[in-house]
Amino acid sequence: MKAQPATPPGTVTRNACKVCAPLGACVVFSGIEDCVPFLHGSQGCATYIRRYLISHFREPVDIASSSFSEEDTIFGGARNLRAGLANVTTQYGPRAIGVATTCLAETIGEDVPRILAGHAADSPGGPALIHVPAPAYAGTHTDGFHRAVRRVVEHFAAPCTPHAGVNLLPGFLSPEDLRHLKELVAAFGLACTLLPDYSDTLDGAAWAEYLRGQPGGTSLEALQRMSGARSTLELGRTPGADRDTAAAWLETHHQVPRIPLGLPVGLRETDAFIAALETLSGAACPADIQRERGRLVDSFVDGHKYVFGRRAALFGDPDLVIGLASLLDEIGVRPVLCATGARHQAFAPAVQAALDHADPTDLRILTGADHASISEAARELRPDLVLAGSKGYPLARELGVPLIRVGFPIHDRIGGQRLLHVGYRGAQRLFDQLVNTLLERRQDTSETGYSYL
Amino acid sequence: MIQVLEQRRAQIHRKGETATPLRCDRRSVAGSVTQRACAFCGSRVVLYPIADALHLVHGPIGCAAYNWDIRGALSSGPQLHRNSFSTDLQEMEVIYGGERKLKQALEELIDRYRPKAAFVYSTCIVGVIGDDVEAVCRQVARAKGIDVIPVASEGFRGTKKTGYQAACEAAFKLVGTGDTTGIGACSVNILGDFNIAGESWIIRRYFEEAGMEVVATITGDGRVDDLRRCHGARLNLVQCSGSMTHLAKLLETAHGIPMRRVSFFGLEDTAAALYEAANFFNDSAVLERTRDLVGREVGRVYPALKKYREALAGKRAALYVGGAFKAFSLVKALKLLGMTTVLAGTQTGSPEDYELLREICDDGTVIVDDSNPVELAKFILELDVDLFIGGVKERPIAYKLGVGFCDHNHERKIPLAGFEGMLHFAREVHATVLSPVWQFVPRRSRRSSASTPSREIISPSKNPAAVEERKGLA
């Protein structure tokens, strides 16, 4: 089955199921130690993205801007870019500045690499200047994210003595997910460079004093050593199908083997991730992780009847949707609508590959979808529940079915940054929430109001 | 010490200490991490609440996606404004032009949603690739028989203020095209209230009770037909002067309608606004009903504020808001709660605004134009504040440093306008300032946080002035 384009090309987007590339780049730069994200373009881009990220992470997100004016648009923004870099250096004292060029700067044809090189030459000892082109007219925030990861790797990777550590490229997950991934890798005794690592920078502790940036993030030293790693674990089926990712680049240029995996969401994908860690470390899976897996299977049995045959609509970032489809499939929930705003050829085959038990006649996969087309499909398909970010709320409300909030953005609840999706523990949390949500619905709508279920 | 950028120093004042006028009305310093947005944002927020119009953002996806349903601007009828429509320009359209896609998008949306009018917002890219948006709008307007109005809101044109102006120009295209029959002598338009959490409804009720007719609330709970006939009103009351003064001036020039700047935040300002209108009409019945209404409402709300005032007396507040008129009202409202404003800043105040702000603030108050997170954090610590009032972008600065916060921006869900709004405001402030959670935050607790890294720049305990000041208040 081929994915259906949600709307014929060339027509309007109604309530987009995506945001723009610079946002993804800013998230990546936020996950590098002492790095300030910087958008070369109008200041509204930085302000909107800050507001959007703050609504989800509920953390300070400082993104600088070159604040283009009308004159800069005509005569070029080099002067503003350089002044901006100098001011960020004064205010934040960063070790790196991640410059993403927005639509505007890209379209007027700014030679940003040349400007950055000039600035670096004039200010020796200044911060590293990383550049990623991120025009919003090419791809979505997840594309911006993966492109920025690749640019960061290219920027820092120098020839380096081979070492026993591994690179882990997790994709756009929650800070809680990143913490759990680090814990899992460490449990196998593996040294790991996680890129990006915003587990602390976008979910930090309360401050006693003002800090110029949130502590944490992938260190520049670790970035320089990625080229000598034993392997690169690349999570997510869509980057896995792409030849231009950071992992692919490290393999081509530094012979670091690339291990593409799905997001470890659900039992089977976590098994695959754990198996890769076993192979890399030569160690058996630690007992406490095995017990976690055992409890998960045990709970699947306890709860299976409450969820069997239920119909789910899921939408959001492509890799998370693929991962969740796999989880739903293994517990007997039928994904009837799997949609993403991104246009990835790999999306539909990956969703289908994740589904062993689905009825293909009753499954709709949409790429390049917006929320209007998702809603139209959902009205026909009549799901029993929706799995999505906060943007799924209007649909869930309209259909009168529960929304299980996953992924990004979560702006109508607190704790979006602490949602765990990955590993056996993430599967456990999702499964419990799913079962209990359905039980609660049944209990609330039951005439009797059973107190044993 | 937290450093303030050299280029920014003239935009920061301390009342009683700085003699020169505050520098303002300038473009933001690049790289300063301004809290300001762009012209597009300004146009979009002003026109957004017009609920039966189509709002189409012409450009790549980001601009439209970030403001999908972000304002709590309520509508009593159509909800079309809560959608986010975008031409979602792709690379090929950036190269070959987006006019065809724009035309197709407009036709498709107008056929599907049957709006009363359409606004087409230009984003940065459209300004650069040179689409003839006006020509497309004219064409579609002719074909579909509704007004299709371009909004010159390319982000790079300036700050929100520039965008407000473009929005006013666009809205003005509708003004004067409707029938004004039946509009009475004591009639007003209320400009610059956006019906956040239903505030326009509260204000409208006051005027109606006082015997004054509200022709249009612009743009809160806005309708295309109200804009068309708003030139029939006899007086324009402008709140949020930054966003709507331009439209009021256009109405004054073209239709001879006088304008008054008012505010509906706080007891004092709400009463003053109602009296301003009542006195203008000089109608004894209206004046009497206004007096009755104000007397009744103040009599109801003021005593209810007592317990909050007792709890909040001496607490220190910082505020950083978009426009200055809100800042004036907030300083007064905080005073009514027994609190002191130690920091007052705005994104886009004018020299006159800052002069007035200086007059109503106490000595030592820091006044700042176009600030940024680093400076705001510095002031929060140095001035040892208990409450910060701002929008979503300021919230994490306050929270991270262990300071209470009150949202006075578009995302608030509780009406803060009018007499009853003052009571809500007091509850909001009380709920954050008096929360027991602050005892645990590192700034207030004796124990220093284990996770405190070494990159400290300033700590309140090392600021003797603030400590002394606090002692003095105790």
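Which residue stands opposite His55(B) in β4(B)? In this predicted model, the residue opposite His55(B) is Phe119(B). The report below begins with the sheet that contains this pair and then turns to the contact of the two chains, chain A, and one lysine of chain B.

## A sheet with strands from both chains

An open sheet is formed by five strands, in the order β2(A)-β3(B)-β2(B)-β4(B)-β5(B), with mixed pairing. Its edge strands are β2 (13–14) of chain A and β5 (147–151) of chain B, each of which pairs on one side only. In a sheet, strands pair through backbone hydrogen bonds, in either a parallel or an antiparallel sense. The pairings are set out in the table.

| Strand pair | Bridges | Sense | Bridge partners or opposite residues |
|---|---|---|---|
| β2(A) and β3(B) | two | antiparallel | Arg14(A) and Phe85(B) |
| β2(B) and β3(B) | two | parallel | Leu56(B) and Phe85(B) |
| β2(B) and β4(B) | six | parallel | His55(B) and Phe119(B) |
| β4(B) and β5(B) | five | parallel | Val120(B) and Pro150(B) |

Phe85(B) appears in two rows of the table: Phe85(B) is the bridge partner of Arg14(A), and Leu56(B) also stands opposite Phe85(B). The strand that holds this phenylalanine, β3 of chain B, spans residues 85–86, while β2 of chain B spans residues 53–58.

Strand β4(B) is mostly covered, with six of its six residues buried. In a regular strand, side chains alternate between the two faces of the sheet. For β4(B), one side carries Ala117(B), Phe119(B) and Tyr121(B), the other carries Ala118(B), Val120(B) and Ser122(B), and both faces are covered, with all of these residues buried. The two residues of β4(B) named in the table thus lie on opposite sides: Phe119(B) on one and Val120(B) on the other.

## Helices on the sheet

Two helices of chain B are described here in relation to the sheet. Helix α1 (residues 39–47) of chain B lies across β2, β4 (117–122) and β5 of chain B, and runs at about 165° to β4(B). Helix α4 (residues 99–113) of chain B packs on the sheet and touches β2, β3, β4 and β5 of chain B. The direction of α4(B) makes about 155° with that of β2(B).

Helix α1(B) is itself mostly covered, as nine of its nine residues are buried. These buried residues are Ala39(B), Phe40(B), Cys41(B), Gly42(B), Ser43(B), Arg44(B), Val45(B), Val46(B) and Leu47(B).

## The contact of chains A and B

Chain B contributes 71 residues to the contact and chain A contributes 57. On the side of chain B that touches chain A, the elements giving two or more residues are α1, α2 (61–65), β3, α3 (91–96), α4, α5 (124–129), α15 (373–382) and α16 (395–400) of chain B. By class, this side of chain B comprises 38 nonpolar, 19 polar and 14 charged residues.

## Chain A

Chain A has 18 helices and 15 strands. Its C-alpha atoms fill a box of roughly 75 × 50 × 50 Å along the principal axes. The radius of gyration of chain A is 22 Å, which agrees with the value near 22 Å for a compact globule of 453 residues. Of the 453 residues, 61% count as buried. Among contacts in chain A with a separation of 6 or more, 74% join residues 24 or more positions apart.

One helix pair in this chain is formed by α7 (residues 141–156) and α11 (residues 246–254) of chain A, which pack at an angle of about 30° with their axes 8 Å apart. Helix α7(A) is therefore roughly parallel to α11(A). From α7(A), Val149(A), Arg150(A), Val153(A) and Glu154(A) meet Ala246(A), Trp249(A) and Leu250(A) of α11(A). The residues of this contact comprise five nonpolar, no polar and two charged.

## A buried lysine in chain B

Lys315(B) lies in the loop between α12 (284–312) and β10 (316–321) of chain B. Is this loop residue, Lys315(B), buried or exposed? Lys315(B) counts as buried because it has 20 C-beta neighbours inside 10 Å. Beyond its neighbours within four places in sequence, Lys315(B) is in contact with Met339(B), Asp386(B), Leu387(B) and Val433(B). Lys315(B) and Ile95(B) are 220 residues apart in sequence and 57 Å apart in space, C-alpha to C-alpha.

Methods:
Residues are numbered from 1 along each chain as its sequence is written. Chains are lettered from A and ligands numbered from 1 in the order in which they are written. This is a predicted model: local features need pLDDT of at least 70, side-chain atom pairs count only at pLDDT 80 or more; totals for chains, interfaces and linings use all residues. Two strands pair if DSSP finds at least two bridges between them. Helices (H or I, at least four residues) and strands (E, at least two) are DSSP runs, numbered from the N terminus. Two residues are in contact if their C-beta atoms, placed from the backbone, lie within 7 Å. Axes are lines fitted to C-alpha atoms, for helices over the stretch in contact, and angles run from 0 to 180 degrees between N-to-C directions. Angles under 35 degrees count as roughly parallel, over 145 as roughly antiparallel, 65 to 115 as roughly perpendicular and the rest as oblique. Ala, Val, Leu, Ile, Met, Phe, Trp, Tyr, Cys and Pro count as nonpolar, Asp, Glu, Lys and Arg as charged, and the others, Gly among them, as polar. The radius of gyration is taken over C-alpha atoms; the globule rule is 2.2 Å times the number of residues to the power 0.38. A residue is buried if 20 or more other C-beta atoms lie within 10 Å of its own, exposed if 12 or fewer, and partly exposed in between; C-beta atoms are placed from the backbone.
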